[in-house]
Amino acid sequence: MNKIVFDRRTEISAGIGAAPGAVRHPHALVGNTPVLWVGAPLAPVGRGFWAKIEAANPGGMKDRPALHMVRRAEVRGELAPGARIIESTSGTLGLGLALAGMVYRHPVTVVTDPGLEPIVARMLAAYGTQVDVVAEPHPIGGWQQARRDRVAELLDQDVDAWCPDQYSNPDNVDGYESLALELIEQLGVVDVLVCAVGTGGHSAGVARVLRRFNPDLKLIGVDTVASTIFGQPAGPRLMRGLGSSIYPPNIDYAAFDEVHWVAPSEAVWTCRTLAATHYAAGGWSVGAVALVAGWAARTHDADATVAAVFPDGPHRYFDTVYNDRYCAEHGLLDGAPPIEPDTIAHPSERVVQSWTRCATVVDPRALSLVGEAVS
């Protein structure tokens with residue numbers, strides 16, 4: 001009997017590798033996420049990229065900065081013991097703050113909008129988080145500005161409350177150091193990094209650390225059409241988790257070598273292809289990033305190490321990306337599979353409607369200041 005048990009354990013160990021360590025606290029589950037090789041059909045046969053699977057964190061990629069921002073605020077005395085945390089979020093940071101609030105014993109209120117998926121709202125409530133939903137978008141800044149305005153109202157009502165302000169808090173950027181160091185340990189030097197851009201935190205934080213090891217790292221930003229981040233006009237957007245109607249101060253424009261805009265139908269195609277061929281799945285950001293990372297693997301040297309960050313998993317997108325009815329209603333299943341991006345020389349050249357790349361990265365905030373000075 002003992003030999004049979006031993007042989008079976010040996011077989012299991014050989015098949016799945018060493019088990020992760022046992023932990024006593026939930027925040028210890030954050031980090032040390034795996035990387036997965038993604039090849040054809042998203043990249044040519046024999047080529048591919050490494051996907052950092054941040055869905056392996058309890059709540060997703062933003063567990064990392066949420067824990068870091070809260071802890072640093074406590075250390076500086078900005079966040080008093082037991083004080084409420086109030087923040088604007090489209091979902092993933094809310095899950096991270098729910099974890100941080102539980103770990104550091106703070107009540108949490110997240111301000112969101114009607115686009116928040118029901119499963120996320122219900123899980124936030126289950127974690128003890130208050131969910132405050134704004135009713136109308138801001139006429140210029142859209143849902144993000146409406147949420148931020150509501151956060152300001154709630155902070156006025158609770159003088160002891162604290163807001164992480166993920167859009168401008170440098171601790172948001174610093175919170176991704178662990179992700180970058182894990183990539184170095186897992187892959188060695190990274191030549192090309194592909195990141196979705198929303199608040200700008202993880203693209204800035206990861207690239208900054210990776211460039212300590214490879215100053216020639218190429219950073220490719222991935223945005224959604226109808227996002228204003230990289231100089232396109234803002235408009236209504238289906239995709240959540242990337243893109244913006246405001247200019248988050250944490251975006252490090254100088255760090256980017258180029259930017260790609262991706263349309264919802266293209267992200268859906270990529271998500272479903274990724275799931276069907278690699279048993280890897282995620283939401284809008286994952287689809288957009290995977291599409292561009294496959295292109296990067298195809299167009300860079302064969303020996304270049306291309307890494308992409310997959311921020312979350314598929315569960316919150318069952319009623320959107322992976323719902324045939326939803327996709328059909330929004331015309332997301334009608335287009336041909338995306339093959340190559342269109343190219344523009346400058347973000348102001350034209351309004352893009354589908355996958356488009358631009359090697360000229362501008363800071364729209366600086367352009368606005370120049371325009372004001374000229375006028």
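This is a short talk about one buried aspartate, two sheet regions and the largest pocket in a predicted model.

Okay, let's start with D113. You'll find it in the loop between β4, residues 108–112, and α4, residues 118–126. Is D113 buried or exposed? Its relative accessibility is 3%, and anything under 20% counts as buried, so D113 is buried.

What does the side chain of D113 reach? One thing is the backbone nitrogen of G115, at 2.8 Å. The side chain of D113 also makes a polar contact with the side chain of R147, at 2.7 Å. If you skip the neighbours within four places in sequence, the contacts of D113 are V133, V134, W143, R147 and R240.

Now for the sheet that β4 belongs to. It's an open sheet of three strands, ordered β3-β4-β5, with parallel pairing. The edges are β3, residues 85–88, and β5, residues 130–133; each has a single partner strand, so one side of each has no neighbour in the sheet. On average, neighbouring strands here are turned by 20° against each other, ignoring direction. Between β3 and β4 there are four bridges, in the parallel sense, and I86 sits opposite T109 in β4. Packing on this sheet is helix α5, residues 142–157, which touches β3, β4 and β5. The direction of α5 makes about 160° with that of β3.

Helix α5 comes up again when we look at the largest pocket, which holds about 1000 Å³ of space. That pocket is lined by 50 residues, and the closest to its centre are S90, L238, M239, R240 and G241. You've met R240 already, as one of the contacts of D113. Which helix gives the most to the lining? That's α5, with four residues. At least two lining residues each come from α4, α5, α8 (201–213) and α10 (284–299).

Last stop, strand β8, residues 258–262. Five of its five residues are buried, so β8 is largely enclosed by the rest of the structure. E258, H260 and V262 point one way, V259 and W261 the other, and all are buried.

And who pairs with β8? Strand β7, residues 218–224, does so in the parallel sense over five bridges, with V222 opposite H260. Strand β11, residues 356–358, runs antiparallel to β8 and is joined to it by three bridges. There, H260 stands opposite R357. So keep an eye on H260 when you open the model: V222 is opposite it in β7, and R357 is opposite it in β11.

Key: Residues numbered from 1 in each chain as written. Predicted model: local features only at pLDDT ≥ 70, side-chain atom pairs only at ≥ 80, totals over all residues. Heavy atoms only, no water. Buried < 20%, exposed > 50% of the residue type's maximum accessible area, 1.4 Å probe, protein only. Polar contact = N/O pair within 3.5 Å; in protein donor to acceptor, adjacent residues only side chain to side chain. Contact = heavy atoms within 4.5 Å. Pairing = 2+ DSSP bridges. Axes fitted to C-alpha atoms, helices over the stretch in contact; angles between N-to-C directions. 1 Å grid on protein atoms, 1.4 Å probe; cavity = no way out; pocket = protein on both sides within 12 Å on 5 of 7 lines; lining within 4 Å. Points joined across faces, edges and corners; volume = space filled by probe spheres on them.
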